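Colleague: Hi, have you got a minute to walk me through this one? I'd like the overall picture, then some details.
Modeller: Sure, let me put it up.

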Amino acid sequence: MVKAMITSARTYADFTTQATFEIKKCDVFKLDEGPATQVVLTRDEGLQYYRTMQTMRRMELKADQLYKQKIIRGFCHLYDGQEACAVGIEASINLSDHLITAYRAHGYTYTRGGTVKEIMAELTGRRGGIAKGKGGSMHMYCKHFYGGNGIVGAQVPLGAGVALACKYQGNNELCVCLYGDGAANQGQIFETYNMAALWKLPVIFICENNRYGMGTSVERAAASTDYFKRGEFIPGLRVDGMDVLCVREATRFAADHCRSGKGPILMELQTYRYHGHSMSDPGVSYRTREEIQEVRSKSDPISMLKDRMLSNNMASVEELKEIDVEVRKEIEDAAQFATTDPEPPLEELCNHIFCDMPSLEVRGTNPWAKLKSVS
């Protein structure tokens with residue numbers, strides 16, 4: 001009781017409201033200068049980043065559990081370990097900007113405005129899912145977020161198309177277009193670089209380099225692993241993708257570059273995924289458990305932010321534990337909903353294919369026909 005009173009007596013005035021940090025310098029390509037290496041973090045920002053990253057981490061760990069219980073079926077690609085990428089990017093762009101990514105999309109669905117409940121229900125194929133239970137792990141969407149896309153690299157030209165629309169409309173918006181190191185050798189990506197550079201499109205190309213394309217290390221897959229130089233005629237940045245402040249500053253720099261009319265810019269975020277490529281990949285046949293553990297112990301994005309805040313008196317251990325408890329409850333409530341919400345009814349199978357009135361025949365299926373299950 002006495003300890004509780006002492007803890008509660010500590011007011012917000014006791015904490016440092018902001019602190020300056022020295023962060024790792026980015027490698028630059030075709031740029032005279034790079035992002036700042038001295039950055040300011042406020043207490044409110046730090047707490048927000050911490051809560052968001054913890055929510056993403058716990059959500060993915062719960063998805064892992066539900067998959068192993070065979071409640072989530074099919075494809076499922078988890079994002080734990082890479083949280084600093086999504087949170088750092090979102091901290092430097094607006095929700096009115098646009099974002100498109102590959103199939104490791106749960107984290108971005110959340111940062112773009114989806115709720116944990118909607119995401120979990122989509123994973124379990126329920127009616128309350130963000131895509132009405134029809135998209136699953138790889139295909140989630142919300143306003144200004146054009147999804148998880150299942151075809152490797154195919155989202156990159158789509159993202160350039162979104163950027164072309166931004167330029168055409170003159171709305172000072174940009175598109176963040178994400179892909180992995182496994183997609184970085186796709187021909188369509190280089191074709192997109194060319195068009196984006198020719199038309200000076202406001203697009204930030206981001207390669208989330210988590211060191212393995214499925215089960216193949218970057219060294220075995222690419223003659224050059226300098227992904228930030230791959231644009232050739234597009235300027236590039238190589239960023240510590242495990243540090244939310246590094247990602248934030250680099251994205252801020254890149255966004256300013258785009259909005260000032262200089263055209264596209266390429267970022268490589270050096271990050272790491274803790275899980276395998278997908279839930280069907282144990283993730284330890286092509287790398288060792290020791291390697292994963294070393295990254296966890298030395299470079300974990302959540303631990304790094306937590307240590308910064310505690311060592312600079314920007315938060316207390318008790319306060320961060322309180323956030324952890326709240327996050328766990330939110331995830332458990334969402335999982336409860338995702339396992340009890342009904343599946344979409346069969347008669348909705350042909351809905352949401354077109355935004356306007358659908359044509360009579362959709363791949364041989366008449367949307368007004370009475371459907372019945374034969375399973």
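Colleague: What is the radius of gyration of the protein, and what would a compact globule with 375 residues have?
Modeller: The protein has 22 Å, which agrees with the value near 21 Å for a compact globule of 375 residues. That radius is taken over C-alpha atoms, and the globule rule is 2.2 Å times the number of residues to the power 0.38. Bear in mind that this is a predicted model: local features need pLDDT of at least 70, side-chain atom pairs count only at pLDDT 80 or more, and totals for chains, interfaces and linings use all residues. Residues are numbered from 1 along each chain as its sequence is written, and side-chain values use heavy atoms, with hydrogens and water left out.

Colleague: How many helices and strands are there in the protein?
Modeller: There are 12 helices and 10 strands. Both are DSSP runs numbered from the N terminus, with helices being H or I of at least four residues and strands E of at least two. The C-alpha trace spans about 65 × 60 × 45 Å along its principal axes.

Colleague: And what percentage of the residues is buried?
Modeller: Buried residues make up 51% of the 375. Buried means under 20% relative accessible area, exposed over 50%, and partly exposed in between, using a 1.4 Å probe and protein chains only.

Colleague: What share of the contacts with a separation of 6 or more comes from residues 24 or more positions apart?
Modeller: Those account for 73%, where contact means heavy atoms within 4.5 Å.

Colleague: Let's do strands. Which residues of β1 point to which face?
Modeller: In β1 (residues 18-22) the side chains alternate, with A19 and F21 buried on one face, while Q18, T20 and E22 point to the other and are not buried.

Colleague: Which strand does β1 pair with, and in what sense?
Modeller: β1 pairs with β3 (residues 38-42) in the antiparallel sense, over 5 bridges. Strands pair if DSSP finds at least two bridges between them. Within β3, V40 stands opposite T20, and T42 is opposite Q18. β3 also has a covered face, V39 and L41, and an uncovered one made of Q38, V40 and T42.

Colleague: Is β6 covered or uncovered on its faces?
Modeller: Both faces are covered: V203, F205, C207 and N209 are buried on one side, and I204, I206 and E208 on the other. In other words, 7 of the 7 residues in β6 (residues 203-209) are buried. β5 (residues 175-180) runs parallel to β6, joined by 6 bridges, and Y179 has C207 as its bridge partner in β6.

Colleague: Switching topic: which loop holds K30, and what is its phi?
Modeller: K30 sits in the loop between β2 (27-29) and β3. Its phi is positive, about 60°, although K30 is not a glycine. K30 counts as exposed because its relative accessible area is 55%.

Colleague: What about K132, where is it found?
Modeller: K132 is in the loop between α5 (116-123) and α6 (155-169). Phi of K132 is near 60°, again positive in a residue other than glycine. With a relative accessible area of 41%, K132 is partly exposed.

Colleague: Last one: what does T216 touch?
Modeller: T216 touches R211 and A221, not counting residues up to four places away in sequence. T216 belongs to β8 (residues 216-217) and is partly exposed, at 31% relative accessibility. T216 and R287 are 71 residues apart in sequence, with 9.6 Å from C-alpha to C-alpha.
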